[in-house]
Each structure stands twice: as C-alpha cells, then as structure tokens.
Amino acid sequence: MSTAPHISLIMPCYNEEESIPYSVPRLIRAFQREGYRLQLITVDNGSRDRTWDLIQQYAAEHPEITPVQVKTNIGFGNGILQGIPAAVAPWVG
C-alpha cells in the first residue's frame, strides 16, 4: 500500500499566526476523514509575525506538512509558485 499523497495542496500564508492554529489542523483532519492522503505545503510568504514559527511547529507534529519559506513577500501568486516545486502528488491545488 502506497503512502504517497493523493494531492499536494499549496497554502500561501502571509501574517497568518492567528488563523494557522484554526485552519491547518482542520484541513488535515478533513482530508483524513475522507481517506485522502494530503501533502499540505504551507508557504510563509514573507510574514512579519510568528507565521513561520507556527508553520515549523505544526510541521514537526504533522508529517503531511511541507514547510516552505519565502523571505520577501512579492505577491500572493509568488507564494503559490514557490510552493509548486515542493509538490510530490499527481494532483496539485
């Protein structure tokens, strides 16, 4: 049985320290509940708050999370583009 993810989902995050504790665990549980193996690529898109620290903390607790850091935010689209090379699943969203 394969353990490779079914889908790689890129989640750009900019100053999201308040929403990460809410959204990341719920997203992971939703995919688990439906029986899909998820790779959640959380991209810190140049945040100025504790976003990167939280992403690293959650990644240490959840092997589904692939953390990516962009040092300088140059737009939402760039955050997504920076996450694409980390995707390993046949489907990327």
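This briefing describes selected residues and helices of the structure shown above. The model is a predicted one, and every value given below was computed from it. The points begin with the packing of helix α2, which spans residues 51–61, then turn to S47 in the loop between β2 and α2, and end with a nonpolar surface patch formed by L81, I84 and V92 and with Q32 in helix α1.

**Helix α2 and its packing**

- In helix α2, which runs over residues 51–61, the buried residues are T51, W52, L54, I55, Y58 and A59.
- These residues are on the same side of α2, because the arc that they cover around the axis is only 160°.
- Residues three or four places apart in an α-helix point the same way, because such a helix has 3.6 residues a turn.
- The partners against which the buried residues of α2 pack are two strands and a helix from earlier in the numbering, β1 (7–13), β2 (38–45) and α1 (20–33), together with the strand β3 (65–70).

**S47 and the loops around it**

- S47, which lies in the loop between β2 and α2, has a relative accessible area of 17% and is therefore buried, since the cut-off for that class is under 20%.
- The side chain of S47 makes a polar contact of 2.6 Å with the side chain of D44, and a polar atom of the S47 side chain also lies 3.4 Å from the backbone oxygen of C13.
- When neighbours within four places in sequence are left aside, the residues in contact with S47 are C13, Y14 and N15.
- N15, one of those contacts of S47, belongs to the loop between β1 and α1 and has a phi near 50°, which is a positive value in a residue other than glycine.
- With a relative accessibility of 31%, N15 counts as partly exposed, whereas S47, at 17%, is buried.

**The nonpolar surface patch**

- L81, I84 and V92 together form a nonpolar patch on the surface, and their combined accessible area is about 270 Å².
- L81, a member of this patch, lies in helix α3, which covers residues 76–83.
- L81 counts as exposed because its relative accessibility is 53%, and the cut-off for exposed is over 50%.

**Q32 in helix α1**

- Q32 has its place in helix α1 and, at 46% relative accessibility, counts as partly exposed.
- Between the C-alpha atoms of Q32 and I10 there is a separation of 17 Å, and the two residues are 22 residues apart along the chain.

Note on methods. Residues numbered from 1 in each chain as written. Predicted model: local features only at pLDDT ≥ 70, side-chain atom pairs only at ≥ 80, totals over all residues. Heavy atoms only, no water. Patch = residues over 30% accessible without salt bridge, like charges linked within 9 Å, V, L, I, M, F, W, Y side chains within 5 Å. Areas by Shrake-Rupley, 256 points an atom, 1.4 Å probe, with all protein chains shown as cover. Salt bridge = Lys/Arg side-chain N within 4 Å of Asp/Glu carboxyl O. Helix = DSSP H or I, 4+ residues; strand = E, 2+ residues; numbered from the N terminus. Buried < 20%, exposed > 50% of the residue type's maximum accessible area, 1.4 Å probe, protein only. Arc of directions from axis to C-beta. Contact = heavy atoms within 4.5 Å. Polar contact = N/O pair within 3.5 Å; in protein donor to acceptor, adjacent residues only side chain to side chain.
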